[in-house]
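Student: I'd like a close look at one part of this protein, please. Could you walk me through how its helices pack together, and then place that part in the rest of the chain?

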Amino acid sequence: MFGGGGGMNPRKMQQMMEQMGIDVTEIDAEEVVITTTDGRELVFSDADVTQMDARGQETYQILGQPEEREATAAVESGEAAEADEGGDAGEPEIPDADVEIVVQRTGASEEEARAALKGADGDLATAIATLE
C-alpha cells in the first residue's frame, strides 16, 4: 500500500497519526479475554495492546495468538447472580458496572438505576434517558 521495501518508517507513521489527531498509547496488558455470545472465550496471554484515540473514539488493537476455551467463569457468575436476585430467568442480568455508569450519569440512587436498567432490558442509553 505504501510501496517500497517493507513498509513505512514507524516514526513517520507516528507523526502522520498525530497530524490526523490520533493519539496512540501502548497498554502493558498481562491478559485480554474476549467472551463471545456463543459461550467461548478468546484469551490473549502476553498480548501487545494498543489504544488509539481518534477525536474521542477509542479503538483497541490486540496482537497475539489467542487460546480458545469455554466461558465457564461467565456461566458461574450468571448462576450466582440469579441466586442473589431470586433466580428469575426472564429478567436480564444487570452488571454492577452498568448500574454505576447510570448512577454517575444521572445522579440517581443505585436502586433507581438498577430499576431503570431492568425496565430498559439492560440498555444503558435508554435507562439514562429515562432517568434524565
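Tutor: Here is a walk through the helical part, followed by a look at the strands and loops. Keep in mind that this is a predicted model, and that what I say is computed from it.

Let's get our bearings. The protein has 5 helices and 6 strands, and along the sequence they run α-β-β-β-β-β-β-α-α-α-α. There are 132 residues, and 20% of them count as buried. About 9,600 Å² is exposed, with carbon and sulfur atoms supplying 47% of that area. Among contacts with a separation of 6 or more, 41% are between residues 24 or more positions apart.

Now to the part you asked about. The largest nonpolar core has 10 residues: I94, V99, V102, V103, A113, A116, L117, A120, A127 and I128. Three helices each give two or more residues to this core, namely α3 (96–106), α4 (110–119) and α5 (124–131). Apart from this core there is another one, of 5 residues, which includes A29, V32, A47 and V49.

Start with α3. Its buried residues are D98, V99, V102 and V103. Around the helix axis they cover an arc of only 140 degrees, so they sit on the same side of α3. Note that V99, V102 and V103 also belong to the largest core. Turn to the face of α3 that points away from the buried side, and you'll find the exposed residues D96, A97, Q104 and R105. As for what sits over the buried residues of α3, the cover includes α4 and α5.

V103 is a good residue to click on. Leaving aside neighbours within four places in sequence, V103 is in contact with A108, S109, E110 and A113. Of these partners, A113 is itself a member of the largest core. Just after α3 comes G107, with a positive phi near 80 degrees.

On to α4, where A113, A116 and L117 are buried. Looking down the axis of α4, these buried residues fall within an arc of 100 degrees, so they line one face of the helix. The face turned away from that buried side carries the exposed residues E111 and G119. The cover over the buried residues of α4 includes α3 and α5. So which helix does α4 help to cover in return? It is part of what covers the buried residues of α3.

α4 is followed by D121, which lies in the loop between α4 and α5. D121 is worth a look for its backbone: phi is positive, about 55 degrees, although the residue is not a glycine. Most residues other than glycine have a negative phi. D121 also counts as exposed, because its relative accessible area is 63%, and the cut-off for exposed is over 50%.

There's another residue of this kind among the strands. D46, in the loop between β3 and β4, has a phi near 55 degrees, again a positive value in a residue other than glycine. With a relative accessible area of 68%, D46 is exposed too.

While you're there, follow the chain into strand β4 (residues 48–54), where T50 lies. T50 is buried, at 11% relative accessible area. Its side chain is joined to that of E26 by a polar contact of 3.3 Å. Beyond its neighbours within four places in sequence, T50 is in contact with V24, T25, E26, T59, Y60 and Q61.

Q51 is also in strand β4. Is Q51 buried or exposed? It counts as buried, because its relative accessibility is 18% and the cut-off is under 20%. The Q51 side chain makes a polar contact of 3.2 Å with the side chain of E58. Setting aside neighbours within four places in sequence, Q51 is in contact with D23, V24, T25, I27, E58, T59 and Y60.

One last stop: T37, in the loop between β2 (31–35) and β3 (40–45). T37 counts as exposed, at 89% relative accessibility. Measure across to A71 in your viewer if you like: the two are 34 residues apart in sequence, and 9.7 Å apart in space from C-alpha to C-alpha.

Definitions and conventions: Residues numbered from 1 in each chain as written. Predicted model: local features only at pLDDT ≥ 70, side-chain atom pairs only at ≥ 80, totals over all residues. Heavy atoms only, no water. Core = buried A, V, L, I, M, F, W, Y, C linked by side-chain atoms within 4.5 Å. Buried < 20%, exposed > 50% of the residue type's maximum accessible area, 1.4 Å probe, protein only. Helix = DSSP H or I, 4+ residues; strand = E, 2+ residues; numbered from the N terminus. Contact = heavy atoms within 4.5 Å. Polar contact = N/O pair within 3.5 Å; in protein donor to acceptor, adjacent residues only side chain to side chain. Areas by Shrake-Rupley, 256 points an atom, 1.4 Å probe, with all protein chains shown as cover. Arc of directions from axis to C-beta.
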